[in-house]
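Biologist: I am new to this structure and would like to go through it step by step. Could you show it to me before I begin to ask?

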Amino acid sequence: MVRIISLLTLLSLTACAGSTAWYETHPQKQVVEVNSLKWIVVPREGENRYDVLRNGLTVWEDAIQKKKDQIQAVETATGCRVVESEYIPSTFILQTHVEC
């Protein structure tokens, strides 16, 4: 039983690391600085959709400010206005839809 739990933990950590690596190596990524923090903005499948995540690790005390910073990063990178967003807690990614 302990082996199974250890294996599942390892697989979930590997999946998270793999996901972040995909964003960091994406050929269309843009790195935007907002409030002295760097954000990775990557286009998603579909028109006018972007993901944004923090480049590096940070402990967040203010979730509202974090979302504002993420939205500002997308708007800076795209030159468009974010009209819809959804935060994915398991990956720390904000998925956005913009209008230009």
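Modeller: Among contacts in the chain (heavy atoms within 4.5 Å) between residues at least 6 apart in sequence, those that join residues at least 24 apart make up 37%. This is a predicted model, in which local features need pLDDT of at least 70 and side-chain atom pairs count only at pLDDT 80 or more, while totals for chains, interfaces and linings use all residues. Residues are numbered from 1 along each chain as its sequence is written, and side-chain values use heavy atoms, with hydrogens and water left out.

Biologist: Which pattern does the chain follow when it is read along the sequence?

Modeller: Helices (H or I, at least four residues) and strands (E, at least two) are taken as DSSP runs and numbered from the N terminus. The chain has two helices and five strands. Read along the sequence, they give the pattern α-β-β-β-α-β-β.

Biologist: What percentage of the 100 residues of the chain count as buried?

Modeller: Buried means under 20% relative accessible area, exposed means over 50%, and partly exposed lies in between, with a 1.4 Å probe and protein chains only. With that cut-off, the buried part of the 100 residues is 28%.  The areas come from the Shrake-Rupley method with a 1.4 Å probe, where for residues only the protein chains shown count as cover, and the chain exposes about 6900 Å², of which carbon and sulfur atoms supply 56%. The value you asked for, the buried percentage, is 28%.

Biologist: How does the span of α2 agree with its number of residues?

Modeller: The expected span of a helix is 1.5 Å times one less than its number of residues. The 16 residues of α2 should therefore span 22 Å, which agrees with the distance between its end C-alpha atoms, 23 Å.

Biologist: Where around the axis of α2 do its buried residues lie?

Modeller: The buried residues of α2 are K66, D69, Q70, A73, V74, A77 and T78. An α-helix has 3.6 residues a turn, so residues three or four places apart point the same way. The elements that cover the buried residues of α2 include β1 (30-34), β2 (37-43), β3 (49-54), β4 and β5, whereas I64, K68 and T76 are exposed on the other side. Taking the arc from the directions between the helix axis and the C-beta atoms, the buried residues cover only 155 degrees, which puts them on the same side of α2.

Biologist: Which residue caps the N-terminal end of α2?

Modeller: The cap rests on a side-chain oxygen that lies 3.2 Å from the backbone nitrogen of I64. The residue that carries this oxygen is D62.

Biologist: Which parts of the chain does the disulfide tie together?

Modeller: The structure holds one disulfide (a pair of cysteine sulfur atoms within 2.5 Å), and this disulfide joins C80 to C100 with an S to S distance of 1.7 Å. The link is right-handed, with 75 degrees about the S-S bond. C80 lies in the loop between α2 (63-78) and β4 (81-88), and C100 in the segment after β5 (93-99), so the pair ties together parts that are 20 residues apart in sequence.

Biologist: Is C100 buried or exposed?

Modeller: Its partner C80 is buried, with a relative accessible area of 10%. Not counting residues up to four places away in sequence, C100 touches N48 and C80. At a relative accessibility of 76%, C100 is exposed.

Biologist: What value is phi of N48 near?

Modeller: Most residues other than glycine have a negative phi, and most peptide bonds are trans. N48 is placed in the loop between β2 and β3 and counts as partly exposed at 27% relative accessibility. Its phi is positive although N48 is a residue other than glycine, with a value near 60 degrees.

Biologist: What value is phi of S36 near?

Modeller: S36 is found in the loop between β1 and β2, where S36 is exposed with a relative accessible area of 64%. This residue other than glycine also takes a positive phi, near 65 degrees.

Biologist: Which side chain does S85 join through a polar contact?

Modeller: S85 is found in strand β4 and is partly exposed, with a relative accessible area of 24%. Leaving aside neighbours within four places in sequence, S85 is in contact with K67, I71, L94, Q95 and T96. A polar contact is a pair of N or O atoms within 3.5 Å; within protein, one must be able to donate a hydrogen and the other to accept it, and residues adjacent in sequence count only if both atoms are side-chain atoms. At 3.4 Å, the side chain that S85 joins in this way is that of K67.
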